[in-house]
Amino acid sequence: MTTTTFATTDAEVASAFPVMRQLRPHLDETSFVERVRAAERLGLRLVLHAEHGRVVAVAGFRLIEQLKSGLVLYVDDLVTDDGERSKGHGDALLHWLMAYAREEGCAAFELDSGVQRHDAHRFYLRHRMRISAYHFQIDL
């Protein structure tokens, strides 16, 4: 049995850490809940996809209003546990996110993906997403 729900309690947020760390290895378990809570104050929502009560995929997203697109669901993080890939969990979570975006009246669904994440790119392209921009960054 699988479920997809918002992480609301500190325990639920903490349960996302082992999977999230696979995407964001710089994160520290002792400050993870605090960092998520700080990001939530700026609009982040954390979603857990679990199988038999164990988190197997995680997404962090925001609803943002953009001049170029209108209301957008922007995905900060989307990751499936390494040992659970190719079992449909990423598909299920992506479809859940897109359905939520439609329910909220979003005009677009967007995310960035690191240039080295070729498997993720194939996954997104398979779901009819297109590469629409370059993302530029400078560390401060």
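E40 forms a salt bridge with R37, with the closest N and O atoms 2.7 Å apart. Keep in mind that this is a predicted model. That pair is one piece of a small network, since salt bridges with shared partners link D10, R37 and E40. Across the whole structure, a search turns up 9 salt bridges. Below is a quick tour of helix α3, the sheet, helix α4 and a few residues worth a look.

**Helix α3 and its surroundings**

- Both E40 and R37 sit in helix α3, 3 residues apart, or about one turn of the helix.
- E40 counts as partly exposed, at 24% relative accessibility.
- R37 also belongs to the buried set of α3 (residues 32–40), together with F32, V36 and A39. Those buried residues span an arc of only 160° around the axis, which puts them on the same side of α3.
- What do the buried residues of α3 pack against? Their partners are two helices, α1 (10–15) and α2 (17–23), plus two strands, β2 (45–51) and β3 (54–66).

**L27, in the loop before α3**

- L27 lies in the loop between α2 and α3, and it is buried, with a relative accessible area of 10%.
- Setting aside neighbours within four places in sequence, L27 is in contact with F17, M20, R21, F32 and R35. One of these, F32, is among the buried residues of α3.
- L27 and L44 are 17 residues apart along the chain, and their C-alpha atoms are separated by 16 Å.

**The sheet**

- The 5 strands make an open sheet in the order β1-β2-β3-β4-β5, with mixed pairing. At the edges are β1 (2–6) and β5 (108–111), each pairing on one side only.
- On average, neighbouring strands here are turned by 25° against each other, direction ignored.
- How many bridges join β3 to β4 (residues 70–80)? There are 10, and the two strands run antiparallel.

**Q66 and the β3 end of things**

- Q66 lies in strand β3 and stands opposite G70 in β4.
- Is Q66 buried or exposed? Q66 is buried, at 18% relative accessible area.
- Not counting residues up to four places away in sequence, Q66 touches V72 and E110.
- Q66 and H52 are 14 residues apart along the chain, yet 38 Å separates their C-alpha atoms.

**Two more salt bridges**

- K68 and E110 meet through their side chains in a salt bridge (3.4 Å, N to O). K68 is in the loop between β3 and β4 while E110 is in strand β5, so the pair ties together parts that are 42 residues apart in sequence.
- The two partners differ in exposure: K68 is exposed, with a relative accessible area of 63%, whereas E110 is buried, at 19%.
- D82 and R85 also form a side-chain salt bridge (2.9 Å, N to O). R85 counts as partly exposed, at 40% relative accessibility.

**Helix α4 and H89**

- Helix α4 lies across β1, β2, β3, β4 and β5, and runs at about 30° to β3.
- H89 has its place in α4 (residues 89–103) and is buried, with a relative accessible area of 3%.
- Which side chain makes a polar contact with that of H89? The partner is the side chain of H49, at 3.3 Å.
- Beyond residues up to four places away in sequence, H89 touches T2, H49, E51, V56, A57, T80 and E84.

Technical notes: Residues are numbered from 1 along each chain as its sequence is written. This is a predicted model: local features need pLDDT of at least 70, side-chain atom pairs count only at pLDDT 80 or more; totals for chains, interfaces and linings use all residues. Side-chain values use heavy atoms; hydrogens and water are left out. Buried means under 20% relative accessible area, exposed over 50%, partly exposed in between (1.4 Å probe, protein chains only). Helices (H or I, at least four residues) and strands (E, at least two) are DSSP runs, numbered from the N terminus. The arc is that of the directions from the helix axis to the C-beta atoms. Contact means heavy atoms within 4.5 Å. A polar contact is a pair of N or O atoms within 3.5 Å; within protein, one must be able to donate a hydrogen and the other to accept it, and residues adjacent in sequence count only if both atoms are side-chain atoms. Two strands pair if DSSP finds at least two bridges between them. Axes are lines fitted to C-alpha atoms, for helices over the stretch in contact, and angles run from 0 to 180 degrees between N-to-C directions. A salt bridge is a side-chain nitrogen of Lys or Arg within 4 Å of a carboxyl oxygen of Asp or Glu.
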